[in-house]
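Good morning, colleagues, and thank you for coming. Please look at the sequence and the structure as they appear on the screen, and I shall then take you through some of the side-chain pairings.

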Amino acid sequence: MENIYILMLIALFALAIIDLVVGVSNDAVNFLNSAIGSKVVPLRTILIIASIGVAVGAVFSSGLMEVAREGIFIPGKFHFEEIMIIFLAVMIADVILLDFFNSLGLPTSTTVSIVFELLGAAVFVALIKIYYSTGDYETLFTFINTSKATQIIFGIMLSIVIAFALGSMVQYFSRLIFTFQYEKKIKYAGAIFGGLSFTALFYFILMKGISSISFIPPGFLNDVKNNSLVIVISGFFLFTGICHLAIATFKVNILKTIVVIGTFALALAFAGNDLVNFIGVPIAAWQSYEIWHAAYLATGELPSQLLMSGLSEEVSTPILFLILAGLVMVTTLWFSKKAMRVTQTEIKLGRQEFGDERFAPNFFSRGIVRYFIVIGNVFEFLIPDSLSHKMSSKFKKEEILVGERGLEIPSFDLVRASVNLVVASVLISLATNLKLPLSTTYVTFMVAMGTSFADGAWDRDSAVFRVAGVLNVIGGWFVTAFSAFLVAALFAAIIYFGGIIAIAFLVLLAVILIVRSYVVHSRKLKQQKKQKRFKHSDIVTINEITIESSQNISSVIGGINKMYTKTVDSLGLHDLNKLKKNNKGIEKLEAEIDELKGNIFYFIKSLDDESVEAGKFYILILDHLQDMVQSIGFITRNSYNHVHNNHKNLKFNQTRDLKAINNKMQMLFDDIKLIFDSHRFSNIDKVIAEKRVLLENISELIERQIERIRTTETSPKNSKLYFGLLLETKDLISSTMSLLQLFQEFHKEAKQTIY
């Protein structure tokens with residue numbers, strides 16, 4: 001029996017390492033987004049600063065894991081074996097759920113996930129205990145700390161609203177003061193702004209950062225809490241004086257300093273306080289085993305019915321565990337690609353410039369945007385024109401010179417980055433001081449969204465997408481709580497009834513899912529690198545337009561070629577599943593064209609003066625590509641609908657003729673793709689010469705079908721589909737040849753030739 005428990009402990013600590021990796025990948029967004037989004041310093045420097053904060057916070061954490069030991073359930077009500085079942089179910093569920101959200105690129109709360117996993121697993125085990133004992137399910141509340149879960153739920157709701165509102169308000173007034181040309185205002189208002197910011201960050205470090213450091217005397221922390229007002233006022237005057245001296249004498253960019261120190265402060269607090277979310281459960285399991293083993297040594301018998309009341313006592317985590325945890329967290333910070341993906345989600349939702357939007361608008365986002373437009377119109381009517389124009393001038397953005405080569409444009413400026421960090425720090429500090437439950441992820445995310453909203457980053461062109469993104473993320477938070485409860489309860493049930501075999505199965509399942517997720521994510525990154533196009537700011541010459549257009553044409557032609565072949569083959573086999581898959585796949589081609597058309601504005605603005613005429617060429621290329629995609633979309637969807645409606649199969653002769661056309665089309669598209677991949681544009685004439693032969697072949701097939709209708713054809717649906725496929729194939733060829741002719745003419749007139 002003891003060996004089984006040791007194996008369970010080994011599994012728990014192995015899962016803890018994985019949980020640290022997926023947990024840091026998720027929570028890195030909390031302290032990285034402001035520094036990365038504003039590009040205050042190079043990414044390497046940002047990671048070094050954050051790593052120092054994480055390492056210090058982890059190593060000097062007190063390691064008091066109350067949430068895992070007694071925060072959610074009453075340990076004295078559970079036996080050792082039951083406690084181990086709860087902890088194993090929680091860790092497996094946590095690893096799977098956090099990795100799932102990381103793969104989606106959605107920041108969620110590790111605190112909420114661990115709390116509701118503990119709650120779900122404990123509720124199931126408590127229900128089983130009640131079922132086999134008294135049968136009185138009203139006693140469930142004696143096993144569970146329900147007040148804690150209730151506090152967290154209300155804390156989440158409250159923190160979401162307050163964080164967004166406060167972030168919006170502070171950013172709005174900050175922008176009124178500094179405008180987007182803040183360099184001119186920083187000399188005058190920078191000292192006061194810096195004083196307020198550094199006071200807030202200093203108080204945050206005191207309240208949220210060093211409160212978890214083990215060697216800080218409790219009396220010191222009590223003195224800090226009791227003298228908060230004095231500390232804040234004294235800190236404000238002290239830091240304001242220092243900032244004035246730094247700005248006036250040493251020409252220090254005070255906003256950069258705020259962002260750097262704020263990043264360190266949040267990283268320190270994250271590691272010091274959120275460490276419990278990752279290693280709290282394994283540590284509690286290890287402490288449970290020590291209590292059980294001590295009882296075993298004292299009695300010489302296996303204490304199977306030993307209650308875990310000893311977990312209610314304060315037991316600090318050994319420093320070795322904290323050092324190892326810190327090393328894993330820092331390593332993850334540097335090498336986790338998913339951490340960057342989660343961070344990019346928040347940055348893109350709050351970025352100042354326009355571009356590709358990740359989230360599609362929905363009913364709620366459209367309604368919210370429409371409501372705020374109405375409210376905005378009301379305020380615009382009530383506010384005097386002179387005041388309105390003056391306030392609007394404060395939000396006038398500086399024109400970005402897109403012609404600068406390789407320019408890395410920040411997603412937002414240092415004013416917003418500073419407000420993000422300071423407001424998040426203030427809210428977390430206040431909640432800590434008042435002992436209110438909240439999630440650092442929720443607070444930092446909603447503050448960032450509030451500041452982007454107030455800063456005018458969500459205008460009429462982007463608001464519906466950004467709001468949809470925020471709603472998706474918030475919805476994911478509640479899904480986290482609900483899923484964590486159910487999955488942990490399910491896993492506890494499997495372990496309870498399946499024993500050691502079930503444990504092995506679930507651990508193996510978790511490992512397989514993590515590995516699969518890693519492989520899929522790596523594959524996506526490789527595909528994105530292959531499909532990577534010029535940045536808008538880099539497409540400025542005719543030479544680069546030719547390269548960009550070649551890549552677009554090659555990509556679309558390749559997709560159409562595969563889709564045409566798959567559709568003809570699946571139609572011949574009357575394979576509904578493959579046709580359904582093709583029907584969904586056509587949306588990717590349409591999305592690719594839509595993305596290219598959405599970038600036309602930025603493309604034209606980025607052209608140099610000598611290349612402006614080439615903008616017309618680029619637009620016409622996209623028009624031909626869209627016609628081609630519409631043709632293949634018609635072919636694919638009509639083939640799917642024909643089979644889906646259970647109409648008759650095409651005749652053998654019809655299928656044979658379509659496959660013959662497909663073979664010729666495949667050769668044609670392969671030749672075109674090779675031309676644009678290798679930039680051998682002199683071969684375009686040869687391909688264009690094949691146009692007449694292909695069109696004549698299709699005309700012959702149309703005549704044959706007319707003859708069949710007059711003699712042997714009996715299915716009107718078959719005839720409709722067959723004629724439709726041939727006519728759209730004809731249009732597809734015509735659009736393709738028109739595109740080649742256009743490209744050939746442009747290439748001949750271009751001043752530079754690509755080799």
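Let me begin with a question: does Asp657 count as buried or exposed? Its relative accessibility is 5%, so Asp657 counts as buried. I should say at once that we are looking at a predicted model.

Asp657 has a charged partner. Its side chain meets that of Arg704 in a salt bridge, with 3.4 Å from N to O. This pair connects distant parts of the chain, since Asp657 belongs to helix 22 (residues 652–678) and Arg704 to helix 24 (residues 691–711), 47 residues apart. Arg704 has a relative accessibility of 40% and therefore counts as partly exposed.

How many salt bridges does the structure hold? There are 9. Allow me to present two others.

One of them joins Lys129 and Glu82, whose side chains meet at 3.2 Å, N to O. Lys129 sits in helix 5 (residues 110–132) and Glu82 in helix 4 (residues 80–104), so this salt bridge ties together parts that lie 47 residues apart in sequence. As for the surroundings of the two partners, the cut-off for buried is under 20% relative accessible area. Lys129, at 17% relative accessibility, therefore counts as buried. Glu82 counts as buried because its value is 12%.

The next salt bridge is formed by Arg416 and Asp455, whose closest N and O atoms are 3.1 Å apart. Here too, distant parts of the chain are linked: Arg416 is in helix 15 (residues 414–433), while Asp455 is in the loop between helix 16 (440–454) and helix 17 (463–530), 39 residues apart. Both Arg416 and Asp455 are buried.

Which residues are joined with Arg416 and Asp455 into one network? They are Arg175 and Asp413, and the network arises through salt bridges that share partners.

Finally, I turn to a histidine. His647 is found in the loop between helix 21 (614–644) and helix 22. With a relative accessibility of 24%, His647 counts as partly exposed.

What does His647 contact, if we leave aside its neighbours within four places in sequence? The contacts are His574, His642 and Lys717. Of these, His574 deserves a further word: His647 and His574 are 73 residues apart in sequence, and their C-alpha atoms are 9.8 Å apart in space.

That concludes my presentation, and I thank you for your attention.

How values were computed:
Residues are numbered from 1 along each chain as its sequence is written. This is a predicted model: local features need pLDDT of at least 70, side-chain atom pairs count only at pLDDT 80 or more; totals for chains, interfaces and linings use all residues. Side-chain values use heavy atoms; hydrogens and water are left out. A salt bridge is a side-chain nitrogen of Lys or Arg within 4 Å of a carboxyl oxygen of Asp or Glu. Helices (H or I, at least four residues) and strands (E, at least two) are DSSP runs, numbered from the N terminus. Buried means under 20% relative accessible area, exposed over 50%, partly exposed in between (1.4 Å probe, protein chains only). Contact means heavy atoms within 4.5 Å.
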